[in-house]
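Good morning. I will go through one structure, chain by chain and then contact by contact. Please have the model open.

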Amino acid sequence: MKPVPRIKLKVNGQEYQVEVPADITLLELLREYLSLTGTKEGCGKGECGACTVLMDGQAVNSCLVPAAKAEGSEVLTIEGLASPDGRLHPLQEAFISEGAVQCGFCTPGMIMSAKALLDQNPHPTREEIKVALSGNLCRCTGYAKIITAVEKAAAMIAGEGRG
Amino acid sequence: MAYTVVGKSINRVDAVAKVTGQAKYTGDFIERDMLVGKILRSPYAHAIVKNIDVSKARALPGVEAVLTYADVPKIKFATAGHPYALDPKHRDKEDRTILTSKARFVGDAIAAVVATDELTAAEALKLIEVEYEVLEPLLTPEAAMREGAPLIHDDCERNILSSYGYEIGAIEEAFQEADYIFEDELETSIVQHCQLENHVSCAYVDSDGRIVIVTSTQIPHIVRRIVGQALGIPWGRVRVIKPCVGGGFGSKQDVCLEPLTALMTLAVGGRPVRLELSREECMIDTRTRHAIKYKIKTGVSKDGKLIGMHIAAISNTGAYASHGHSIAMAGGTKFRILYPMKALKYEPLTVYTNLPVAGAMRGYGSPQITFAVESHLENIARKLGIDPIEFRKKNLVNVGYVDPLNGNTVRSCGIRECIEKGKELIKWDEKKARYKNQAGTKRRGLGMACFSYASGTHPVGLEMAGARIVLNQDGSVQLQIGATEIGQGSDTVFAQMVAEVLGIPVDMVHVISTQDTDITPFDTGAYASRQTYITGMAVAKAALEVKEKILDFVWGMTDIPAHALDIKEQNIVYKHSGEVVMPLAEVALHTYYDTVFARPITSDTSNNARINAFVFGVTFAEVEVDLKTGKIEVLEIYNVHDSGKIINPQLAEGQVHGGVGMGIGYALAEQMLFDEKTGKPLNNNLLDYKMPTIMDIPDIGVAFVETFEPTSPFGCKALGEPPTIPVAPAIRNAVLDATGVAFNRLPMNPQRVFEKFKEAGLI
Amino acid sequence: MYNIKEYYEAATLEEATELLAANPNLTIIAGGTDVLIKMHHGQIEKAELLSIRKIKSLQGIRKLEDGTIIIGPLTTFTQVVNDPVIKDNIPVLAEAALSMGGPQIRNVATIGGNICNGATSADSASTLFALNARLKLQSKLGERVVPIQEFYLGPGKVDLKAGEILTEIIVAPGDYQGYGGHYIKFSMRKVMDIATLGVAVICKIKERNIFADVRIGLGVAGPTPLRCREAEAFAKGKTISRETIAEIGKLAVKSTKARTSWRASKEYREHLVEELTQRALKAAIVKAGGEEIA
């Protein structure tokens, strides 16, 4: 294990400089070094989407990102979604009110994929929502209420004039 | 009955934690000096360890302990998550040790290491040298039952774990009486739960020398007992903590990791150890759903009445018993209430093979037998030229029917209404007419299937549930239950029940979601769709006790007799007029601080439910079949359930959505595959195992027929597992309708459909 | 946690080729979605990784004045899907790129990595085969250009010599201008899956209903992606009709070397080749300006 001479990155708006071994992933960096355990691991190789975070605005599987690759990047995790005053993001509110959460293990990844979608396409169709979430597996919900929640969040954002 | 909170779609009590990433799952308990455990797995399906040398692994820097079968207690134990049976004859089959010297499937745990980090642990596994004597792998029940086949477990002749069945009436007489006899052979595949959170547990020894296990389980109190048994230590020395669980579907109604994790921490002087399976490991060394083959023979009268049915089943239980012996029986028991008939003979064989261990999975034997029976009935209706729905209706159960073997009684039954509702939702008659004369490559068809199921396990298993309520100073309460929230929403419906009884809003009910066997009351856990019905009884009982104590306390404060009082909207009111006597919060404060009469109000209740309630329902499906490629697309699908009174419609719908999704995968795509010669798993990952994605599931229609179950305090019945049960046969029957081809095997994936279409001359 | 021994990051192509020349054990990593999965399965151990993702000259898609399209190997699948040059000129490649994995994978995985991984199921490959794509490879010693058909040597094996880096994917104007194309990915799931069969067909039509040219690229119909030369030769100059298309479907099977695996039988794959080649061709005809054939 060769330590990388310090990785500098921004997570949820905060600058970090962490010394980590060369062999860890961004997922491990977040969970074990920054204690941001909201991001989950379901397969370790990009097949389930539970570890989805936004890296420079794009949804990525953090289990397939070597920590070293995150150098200089800006990462957003589920913990960084609510406003600093604790006000939930419309996606979070909609996931709650639409009953899109069951066991909750896929939820952070689902919400982050949905965030990436709404950032780029504020008025998606149901089909576009499905495509955007197609890299995230869920076994509890049959996906139905998740799709509805994203639709609702889009409407909430449009209503609030929030981007 | 008019409820204020029960029956409303209130938000989940754990939703905020889960959408903000604050919810803590087992893997989120990270301690600084936590060690990592890893398992050495057999590359052979059937082999004896002749020799094992761990010296090199032990010498590797960073390795803290290496364990083999020689280091584990010589105690055979059972892993199935059932309540302990005082009667030794009713105990689960004790057929395994924590690590084994005889591999019984590819992936069986031979040795284990504990190291400072994952890579060191992985490196250490490679340094363990094992010499195997390879035995013939027995990969099908037929091979395993063959005369002279090697025994997987020494005490089971022909590798048959169990052959317990039943006969109601006289089957041969019934066949003689029948006007027609029909026979079919049907089979299902091995599938996997695929809950998003893999199996994981952490353990350490606390300052009192007790083993503390944090684990992702559906059954914390059972885990405590089984770890105690497996390690041969007093059960009280084990403390089990269940935090948030990322889905289970039955695979965590079994004790897979905890005894080994406990042993690992003991091997390193009590330091914390985490044992977390990778997805690949989770798919082979936790549990699967039994593949079952059925031979069914049925006698029918001229007027379409079922006279008698003989079902022979062979269930592939894999390498260890787990729940195998009881699943064949449970499936054969819960389906039979739906169509009572003169004679029913059920002959299951549960057989060991050298494949991963089959155990509990959503529906517990019912999806298999329902696929078989509902497909068989469809075939019969077609051959008789009777409308398949009319055929079923002629034979359905009525309220008042008593199961002749276990005495369970049908006290509420909405199956007929479910069928009518489903027909209407899918526009059955209109589409049937429209699809009569189709041509072209793509053909559409409609199908349906019914099911019956139970609410819990009575009278086979103990149905014990505990609830504890504490009234706080502000009039809010804590609710503790031994029942486990694993995603299905039980914590939320319990909160609704308490709020309903106590006349307070749901947010004044603080549910302690973590189960801790040191603290939480005893409950056997999340399985058999039992919690809302069974634990609900205990919760209602505890809440009523608190209410009674509150009103008694007010009586003491005011001299208004308790029976004249009620609690509404956080106020003590006159029952007859609703006039407010005083706020609940004021009473609560007095229960704590009145210098003379203070006596904080709590209740600590258990309920042993010696009762059961039958649930019913139906799936209606419309499919489009591509005759050239063999692709089947589900266009529309509706599940209609009689689960009694629905406590939380939104959560209930969510259960149905998920169950239907799982059923669609079961029907069309999912199967665990193994090399036919070696038994090596071929697709134990989420890419090659075809669990449906968001694009593979159509919109799912859900409706409820809300009967009122008189044995439940709120009229509710089971819902968790049932939505999965009738989906596959409904889709199969729709494919038959579309193509005229009768599939008898799951899944109906394109390769299989192609083969069958070739056989039928369609390609 | 991956078994990574060293992680190097090259800023320029020169630096990368230097590092490669100096250390033959280096494994090139671009998006990482294939390399890291191989590491997850223990196929690569104690890896010494050379990251090339920051090399600017390997990024982006451009169209030269003569119409030649140059795709930088570091272009991600998401970029391929959204790129105006691709959308306007070879939309069939965007279709193929969109069929790959899910959004998270497409955001990271690169088209160059997809090719160099050498899988017959590579979602970009059958289309690039149909487009006669050529690959520019560079090492410290110089550069060479090879047709993509010659680059694929066997399952997981490509003609990438020690020290070489894929630097350009080139599509010549004559290979796409005037063509219409269609890609069908046949898989068990609609997304997040490996193709059971990938069929890319491009065609050019003359005199309203004559095939000027038809090119068929197949994935998973053999150990490498392949072209259906016999079917293509038959098609040239034929009048477009259901019968011609049916014959093309039949002939396409002749070029395949499908095998039976647990994923699908040889017989089924061949059946799919015949059927889906026709379906893809029919769709391509419409996109090439021809009339719809039922």
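**Chain C, chain B and their contacts**

Start with residues 1-176 of chain C. Over this stretch the chain is 33% helix and 26% strand, and the C-alpha atoms at its ends are 43 Å apart. Keep in mind that this is a predicted model. The UniProt record, an unreviewed entry, annotates residues 1-176 of chain C as "domain: FAD-binding PCMH-type".

The domain assignment cuts chain C into three parts: domain 1 covers 4-51, domain 2 covers 56-173, and domain 3 covers 180-287. How far apart are the C-alpha centres of domain 1 and domain 3 of chain C? They lie 36 Å apart.

Now to chain B. Here an unreviewed UniProt entry places "domain: Aldehyde oxidase/xanthine dehydrogenase a/b hammerhead" on residues 20-136 of chain B. Over residues 20-136 of chain B, helix makes up 14% and strand 30%. The end C-alpha atoms of that stretch are 52 Å apart.

Next, one helix in chain B: α18, residues 727-739. What span should its 13 residues have? The rule is 1.5 Å times one less than the number of residues, so α18 of chain B should span 18 Å, and its end C-alpha atoms are indeed 18 Å apart. Is α18(B) mostly covered or mostly open? It is mostly covered, with 13 of its 13 residues buried. After α18(B) comes B:G740, which has a positive phi, near 75°.

That leaves the contacts. Take chain B with chain C. This contact uses 16 residues from chain B and 16 residues from chain C. On the side of chain B that touches chain C, the elements giving two or more residues are α3 (118-127) and α19 (750-759) of chain B. By class, that side of chain B has 8 nonpolar, 4 polar and 4 charged residues.

Then chain B with chain A. This contact takes 45 residues from chain B and 40 residues from chain A. On the side of chain B that touches chain A, α1 (15-20) and α17 (649-668) of chain B each supply at least two residues. Which element gives the most to that side? It is α17(B), with 8 residues. The residues on the side of chain B that touches chain A divide into 22 nonpolar, 17 polar and 6 charged.

That is the end of the tour.

Terms used:
Residues numbered from 1 in each chain as written. Chains lettered and ligands numbered in written order. Predicted model: local features only at pLDDT ≥ 70, side-chain atom pairs only at ≥ 80, totals over all residues. Domains from an automatic or database assignment. UniProt positions renumbered as here; feature names shortened; annotations may be inferred. Helix = DSSP H or I, 4+ residues; strand = E, 2+ residues; numbered from the N terminus. Contact = placed C-beta atoms within 7 Å. Nonpolar A, V, L, I, M, F, W, Y, C, P; charged D, E, K, R; others polar. Buried ≥ 20, exposed ≤ 12 C-beta atoms within 10 Å, placed from the backbone.
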